Amino acid sequence: MLVIAHRGASGYRPEHTPAAYRLAAAQGADYLEPDLVSTLDGVLVCRHENEISGTTDVAEHPVFADRKITKIVDGTAVTGWFVEDFTYAELRTLRTRERMPALRANNTAYDGLDAVPTFDEVVALARRESARLGRPIGVIPEIKHPAYFRRLGLPLEELLTERILALELRADEIMVQSFEPTSLRRLSVMTRVPLVQLIDSESAPNDFLRTGDGRTYADLVEPRGLREIATYAQVLAPHKDLVLPRTADGCLGEPTRLVDDAHRAGLGIQVWTFRAERRFLPTATDFPTELTRFAALGLQGVFADHPDQAVAALRKPALNV
């Protein structure tokens, strides 16, 4: 089973930093997950959101004070500083920081050490670590807010396809994710790399909401929706509650039919997101137990903030009896 380092080893280092990606590789991750947004001049960089006040020191740079603004991003008003308002050269003057300092206080020791990395830099890092460690390490980028960026004249699908071609990324080195089916359909005719349809536990894809398509994520995980996804993607990546939901008291309940239905449609299945901190775990369940309960359902991969713990839980040697 694949262990995918969610934003790098984000349980131990500030997310989407070279330090987080390097540590994830060292901890045994099979894939590094960079979320991608675009600068004003079309450079793909790694941030979970295009608003960057929570993950960089931008607020401490007086030269950029007048760029603080409120925007509507996928239907929600967001105030702060946005990647698309910075050139790549300007963005490189910022330094990264921990997004959840109250929860992950140890990570704040690494605040200010790294610049925001580009997609190209993460690919280069994965290739270096793969050669150094003697095992394949791929990348599984997620394109963020693709409809939003397309309206700004920064089409992430085209920008990413250009980099895939320029970097000569093979299909065994990369998979590409999106929550928006329209984005993946575009990519399916632009590139031959594996595509991953992300599925949230509620609401609907943003592109469906924009175009008046009445379907929800719940519709997409019905057998008919899964068969449609299989026409343009190879992998389904649902929120873990759609696979093994929790009971009213927070315990792990009984599995749904989703894994079997996805496999019947010809889709692999990778589940997100597993985090080792107590606040994220099911009631009366530790991290290894949660992972092994999910793994027993026949998944092909898991997204984890703590890759080392995921590797330890999922790759225990069989006992001789």
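These exercises, each with a worked solution, explore a predicted model.

## Exercise 1: A helix and its cover

Find out how far helix α1 is enclosed, and name what covers it.

**Solution.**
- Step 1. Locate the helix. Helix α1 covers residues 18–26.
- Step 2. List its buried residues. They are Pro 18, Ala 19, Ala 20, Tyr 21, Leu 23, Ala 24 and Ala 25.
- Step 3. Draw the conclusion. Seven of the nine residues are buried, so α1 is largely enclosed by the rest of the structure.
- Step 4. Look for the cover. It includes the strands β1 (2–6), β2 (31–33) and β4 (44–46). The helices α3 (119–133) and α12 (307–314) are also among the covering elements.
- Step 5. Check what follows the helix. Just after α1, Gly 28 takes a positive phi of about 105°.

## Exercise 2: The largest pocket

Describe the largest pocket by its volume and its lining.

**Solution.**
- Step 1. Start with the volume. The largest pocket has about 940 Å³.
- Step 2. Turn to the lining. It is made up of 41 residues.
- Step 3. Go to the centre. The lining residues nearest to it are His 48, Glu 49, Lys 144, Phe 179 and Asp 200.
- Step 4. Assign the lining to elements. Those giving two or more residues are β6 (76–80), β8 (142–143), β9 (176–178), α7 (206–211) and β12 (268–274).
- Step 5. Sort by character. The lining has 15 charged, 14 nonpolar and twelve polar residues.

## Exercise 3: The nonpolar core

Which residues of the largest nonpolar core touch the most other members?

**Solution.**
- Step 1. Take the whole core. It holds 91 residues.
- Step 2. Pick out the residues with the most partners. These are Phe 119, Ile 229, Leu 236 and Ile 269.
- Step 3. Ask which element gives the most. Helix α3 does, with five residues.
- Step 4. Follow Ile 269 outward, leaving aside neighbours within four places in sequence. Its contacts include Val 235, Leu 236, Pro 238, Val 243, Leu 258 and Val 259. Gly 298, Leu 299, Gln 300 and Gly 301 are also among them.

## Exercise 4: Salt bridges

Examine the pairs Asp 74 with Arg 210, Glu 142 with Lys 144, and Glu 290 with Arg 246.

**Solution.**
- Step 1. Set the scene. The structure holds 28 salt bridges.
- Step 2. Take Asp 74 and Arg 210. Their closest N and O atoms are 3.8 Å apart. Asp 74 lies in the loop between β5 (69–73) and β6, and Arg 210 in helix α7, so the pair ties together parts that are 136 residues apart in sequence.
- Step 3. Check exposure. Asp 74 is partly exposed at 23% relative accessibility. Arg 210 is partly exposed too, at 39%.
- Step 4. Move to Glu 142 and Lys 144. Their N to O distance is 3.2 Å. Both residues are buried.
- Step 5. Finish with Glu 290 and Arg 246. Here the closest N and O atoms are 4.0 Å apart. Glu 290 belongs to helix α11 (residues 287–295) and Arg 246 to the loop between β11 (235–238) and α10 (258–264), so the pair ties together parts that are 44 residues apart in sequence. Glu 290 is buried at 0% relative accessibility, whereas Arg 246 is partly exposed at 31%.
- Step 6. Add the network. Arg 104, Arg 275, Glu 277 and Asp 305 are joined into one by salt bridges that share partners.

## Exercise 5: A residue in a loop

Is Glu 84 buried or exposed?

**Solution.**
- Step 1. Place the residue. Glu 84 sits in the loop between β6 and α2 (88–91).
- Step 2. Apply the cut-off. Buried means under 20% relative accessible area. Glu 84 has 3%, so it is buried.
- Step 3. Look at its surroundings, beyond four places in sequence. Contacts of Glu 84 include Ser 38, Asn 50, Lys 71, Tyr 148 and Leu 154.
- Step 4. Compare sequence with space. Glu 84 and Leu 154 are 70 residues apart in sequence, and their C-alpha atoms are 8.7 Å apart.

## Exercise 6: Unusual backbone

Where does the backbone of His 16, Asp 74 and Trp 272 depart from the common pattern?

**Solution.**
- Step 1. Recall the pattern. Most residues other than glycine have a negative phi, and most peptide bonds are trans.
- Step 2. Test His 16. Its phi is positive, near 55°. His 16 is in the loop between β1 and α1, and it is buried, with 0% relative accessible area.
- Step 3. Test Asp 74. Its phi is also positive, at about 50°.
- Step 4. Test the bond between Trp 272 and Thr 273. It is cis, with omega about -15°. Thr 273 is part of strand β12.

How values were computed. Residues are numbered from 1 along each chain as its sequence is written. This is a predicted model: local features need pLDDT of at least 70, side-chain atom pairs count only at pLDDT 80 or more; totals for chains, interfaces and linings use all residues. Side-chain values use heavy atoms; hydrogens and water are left out. Buried means under 20% relative accessible area, exposed over 50%, partly exposed in between (1.4 Å probe, protein chains only). Helices (H or I, at least four residues) and strands (E, at least two) are DSSP runs, numbered from the N terminus. Contact means heavy atoms within 4.5 Å. On a 1 Å grid over the protein atoms alone, a cavity is a set of points where a 1.4 Å probe fits but cannot get out, and a pocket is an open set with protein on both sides within 12 Å along at least five of seven lines; lining residues have an atom within 4 Å of a point. Grid points are joined across faces, edges and corners, and a volume is the space filled by probe spheres set on the points. Ala, Val, Leu, Ile, Met, Phe, Trp, Tyr, Cys and Pro count as nonpolar, Asp, Glu, Lys and Arg as charged, and the others, Gly among them, as polar. A nonpolar core is a set of buried Ala, Val, Leu, Ile, Met, Phe, Trp, Tyr and Cys residues joined through side-chain atoms within 4.5 Å. A salt bridge is a side-chain nitrogen of Lys or Arg within 4 Å of a carboxyl oxygen of Asp or Glu.
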